[in-house]
Amino acid sequence: MKHDENCIFCKILKGEIPSYKVYEDENVLAFLDISQVTKGHTLVIPKNHYKDIFALPSEEAAKLFSAVPAIASAVKEAFDPIGLNVLNNNGEPAGQSVFHYHVHIIPRYGRGDGFG
Ligand code: 5GP
Ligand code: ZN
């Protein structure tokens with residue numbers, strides 16, 4: 001696997017930082033966000049380190065996104081939201097704070113749920 005030793009998400013992948021895992025396969029890990037914008041907020045990452053969508057090879061994107069519907073369904077099943085956002089920030093001005101590509105899965109519970 002291609003890791004960056006200073007990257008928080010690579011440390012999670014290596015087990016150096018604990019996380020609550022939601023899903024894992026050969027290429028992808030999903031875990032709960034440490035600072036949940038809504039209940040069940042989950043992050044999906046490739047096991048290889050790519051800093052953003054511009055660095056992400058399309059075959060890695062294909063592997064990651066092929067797992068996203070099942071992860072979204074598991075989150076929906078576990079937390080019973082009435083909607084769900086799937087989104088990705090690239091670059092600081094777009095809100096990216098961790099520079100290991102990741103997709104947010106954000107369950108939605110209606111007005112006043114804290115997001116948007
Ligand atoms: P970004 O702002 O880059 O799109 O999203 C980064 C996300 O990573 C944030 O929602 C932040 O709460 C989450 N995060 C940062 N550090 C950790 C950590 O150590 N563990 C977990 N589970 N999430 C983290
Ligand atoms: Zn990384």
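What follows is a short chat about how the terms used for this predicted model apply to it.

Guide: A quick note first: this is a predicted model, where local features need pLDDT of at least 70, side-chain atom pairs count only at pLDDT 80 or more, and totals for chains, interfaces and linings use all residues. Residues are numbered from 1 along each chain as its sequence is written, while chains are lettered from A and ligands numbered from 1 in the order in which they are written.

Visitor: What makes strand 1 and strand 4 edge strands?

Guide: Strands are DSSP runs of E, at least two residues, numbered from the N terminus, and two of them pair if DSSP finds at least two bridges between them. The open sheet runs 1-2-3-5-4, with antiparallel pairing. Strand 1 (21-24) and strand 4 (83-87) each have a single partner strand, so one side of each is left without a neighbour in the sheet.

Visitor: How do you know that strand 3 and strand 5 pair?

Guide: The cut-off is at least two bridges, and these strands have 3, in the antiparallel sense. Val 44 stands opposite Val 103 in strand 5.

Visitor: Why is Ile 45 said to be in contact with Phe 9?

Guide: Contact means C-beta atoms, placed from the backbone, within 7 Å. Leaving aside neighbours within four places in sequence, Ile 45 has such contacts with Phe 9, Leu 29, His 100, Tyr 101 and His 102.

Visitor: What makes the shell around ligand 1 a mix of classes?

Guide: Ala, Val, Leu, Ile, Met, Phe, Trp, Tyr, Cys and Pro count as nonpolar, Asp, Glu, Lys and Arg as charged, and the others, Gly among them, as polar. By that split, the shell has 7 nonpolar, 6 polar and 1 charged residues.

Conventions
Contact = placed C-beta atoms within 7 Å. Helix = DSSP H or I, 4+ residues; strand = E, 2+ residues; numbered from the N terminus.
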